[in-house]
Amino acid sequence: MTRLTGSALRVTIFIGENDTWHHKPLYTEIVHRAHAAGLAGASVFRGIEGFGASSLIHTSRLLSLSEDLPVAIVIVDTEERVRAFLPELDELVGEGLVILDDCEVIRYVGRADGSGDSGRKGKRSL
């Protein structure tokens, strides 16, 4: 398991839910490549409304019928490892926004047995 405490770098990638890479969701490709690169973790968050460089508003409100909702992929690891992963993002992200933020990791703890059950209800680790 990757150990991560103290100073770190967070990369956030903003794309559209309908963006694809070889006929599968782009966010899936980014997460799988981050995993293959040995990064500490990646999470995908689906937005309910937003706009980007195109200035077109995408929303989940019933009357607008937009399906291309905003998606954010967040990856946190050491600066060295995140920066080494950036060329992958250059290849994958044709339209969207990629940002870097310095951050401090206070706690990064996985499950001891690797199973999906931590034994604690309502608490999840990244």
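In this predicted model, helix α1 turns H32, H35 and A36 outward as exposed residues on one side, whereas L26, E29, I30, R33 and A34 of α1 are buried. Seen down the axis of α1, those buried residues fall within an arc of 130°, so they line one face of the helix. In general, an α-helix has 3.6 residues a turn, so residues three or four places apart point the same way.

**Surroundings of α1**
- The elements that cover the buried residues of α1 include β1, β2, β3 (24-25), β4 (42-46), β7 and α2.
- Just after α1 comes G38, which takes a positive phi of about 80°.

**I30 within α1**
- I30, which lies in helix α1, counts as buried because its relative accessibility is 0%, where the cut-off for buried is under 20%.
- Apart from its neighbours within four places in sequence, I30 is in contact with I13, I73, I75, F85, L89, L92 and V93.
- One of these partners, I75, is 45 residues from I30 in sequence, while the two C-alpha atoms are 9.8 Å apart in space.

**Helix α2**
- Helix α2 spans residues 79-92, and its 14 residues reach 20 Å from the first C-alpha to the last, close to the 20 Å expected at 1.5 Å a residue.
- A kink of about 30° lies at L86 in α2, shortly before the proline P87.
- L86 is also among the buried residues of α2, together with V82, F85, L89 and L92.
- The cover over the buried residues of α2 includes β1 (6-16), β2 (20-21), α1 (26-36), β7 (70-77) and β8 (97-105).

Notes: Residues are numbered from 1 along each chain as its sequence is written. This is a predicted model: local features need pLDDT of at least 70, side-chain atom pairs count only at pLDDT 80 or more; totals for chains, interfaces and linings use all residues. Side-chain values use heavy atoms; hydrogens and water are left out. Helices (H or I, at least four residues) and strands (E, at least two) are DSSP runs, numbered from the N terminus. The expected span of a helix is 1.5 Å times one less than its number of residues. The bend at a residue is the angle between axes fitted to the seven residues ending there and the seven starting there. Buried means under 20% relative accessible area, exposed over 50%, partly exposed in between (1.4 Å probe, protein chains only). Contact means heavy atoms within 4.5 Å. The arc is that of the directions from the helix axis to the C-beta atoms.
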